Amino acid sequence: MTASNSKKVLVVEDEREILQLVTHYLEKEGFRVLTATTGIEALKKVNNEKPDLLLLDLMLPEMDGLEVCKRVRAMPEAAMLPIIMLTAKAEESDTIVGLELGADDYVTKPFSPKALVARAKALLRRLERAPSAETTHYRYGPLAMDLGRHEVRFGEKEVLLTAKEFGLLEHLLRNPGRVLTRDVLLNTVWGYDYYGTTRTVDVHIRRLKQKLPLLDEAIVSVKSLGYKLKEL
Ligand code: CA
C-alpha cells in the first residue's frame, strides 16, 4: 500500500491515446482514475466526484483548459483542488496564465508518463505537509523565519530584511517546489494596486540572494515563467 492508493485523479484530455496512457500509468501506481474529454465534462466530474487531483490538458475543444481552471477555482469546494496542467511547448504564455489562474504545476508535452506520475505524487505530498494559515515559523535548512517576531535567522545570525524582501521570502517558503510567476509575486507581496513592473520582483530576488547566499542556488528562475524555491 502506498499513500497514493486512496487518491482519486481526474484526467482531462481529448486525445484518447494520451488519456489511455496516463490512465494506465496512474492506475499502475495505485491511483483511482476518472477521465473527461471535454471541459464541460471535467467541471461536472469535479463537482460530482470530488477528485483529489486534476490533470488538465490546456487544448480542449469548446472550453479550453484555462477556462476550466478558472471555473474550478471559482467553485468554493474545489478552490484548493491541486491542478497540474498538460501544456505544449508553444503554449508558454498560456502556461503563465494558467499559473496565475491558480494551477499548481505544469508538465510540457511530450512528457513521459513516469515523469507525470512523479510530479503528481510530489504535488500531493507537498500539499499534505503544506503550512496552514496559522503557520508562524518556516525552516529551510539553516534558514529560519519567525513571522510573529518578524525575524529571519541564518543559523544563529539574524539577517535584516526589508518588508518586501521579508514578504517575498515568506511567500517562497510557503510554496516550495511551486512555480510562482512574477505577477503572482508582485500581487501577493506588493498588492494589486502597486504601481510597478515585474522587474521589481527580479531586483528583490537578487537582493534576497545577496543577503542569503543559500538562496542563490535554492531560488531558481524558471525560463520566462517566474521563480521557484527548490524543495529540500
Ligand atoms: Ca488536447
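The exercises below, each with a worked solution, deal with the cores, the calcium site, a buried aspartate and a hairpin.

The model is predicted, so that local features need pLDDT of at least 70 and side-chain atom pairs count only at pLDDT 80 or more, while totals for chains, interfaces and linings use all residues. Residues are numbered from 1 along each chain as its sequence is written, and side-chain values use heavy atoms, with hydrogens and water left out.

**Exercise 1.** Work out which elements supply the largest nonpolar core and where this core lies with respect to the domains.

*Solution.* Start from the term: a nonpolar core is a set of buried Ala, Val, Leu, Ile, Met, Phe, Trp, Tyr and Cys residues joined through side-chain atoms within 4.5 Å, where buried means under 20% relative accessible area, exposed over 50% and partly exposed in between (1.4 Å probe, protein chains only). The largest such core has 27 residues, of which Val12, Val46, Leu54, Leu56, Val68 and Val72 touch the most other members. Next, assign elements, which are DSSP runs numbered from the N terminus (helices, H or I, at least four residues; strands, E, at least two). Those supplying at least two residues each include strand E1 (8-12), helix H2 (39-49) and helix H3 (65-74), and H3 gives the most, with 4 residues. Finally, domain 1 (3-128) and domain 2 (137-229), whose bounds come from an automatic or database domain assignment, both give residues to this core, so it lies between them.

**Exercise 2.** Identify the protein donors of the calcium ion and the parts of the chain that they tie together.

*Solution.* Donors are N, O and S atoms within 2.8 Å of the metal (3.2 Å for Na, K and Ca), and the site may look incomplete because water is not among the atoms. Glu13 (OE), Asp14 (OD), Glu15 (OE), Asp57 (OD) and Met59 (O) qualify, lying 2.1 to 3.1 Å from the ion. Asp14 lies in the loop between E1 and helix H1 (16-28) and Met59 in the loop between E3 and H3, so the pair ties together parts that are 45 residues apart in sequence. With 30% relative accessibility, Asp14 counts as partly exposed.

**Exercise 3.** Decide whether Asp105 is buried or exposed, and find its side-chain partner.

*Solution.* Asp105, in strand E5 (residues 105-109), has 5% relative accessibility and therefore counts as buried. Its side chain makes a polar contact with that of Arg119 (3.1 Å); the term denotes a pair of N or O atoms within 3.5 Å, and within protein one must be able to donate a hydrogen and the other to accept it, residues adjacent in sequence counting only if both atoms are side-chain atoms.

**Exercise 4.** Describe how strands E11 and E12 pair.

*Solution.* Pairing requires at least two DSSP bridges; here 4 bridges join E11 (residues 219-222) to E12 (residues 226-229), and the strands run antiparallel.
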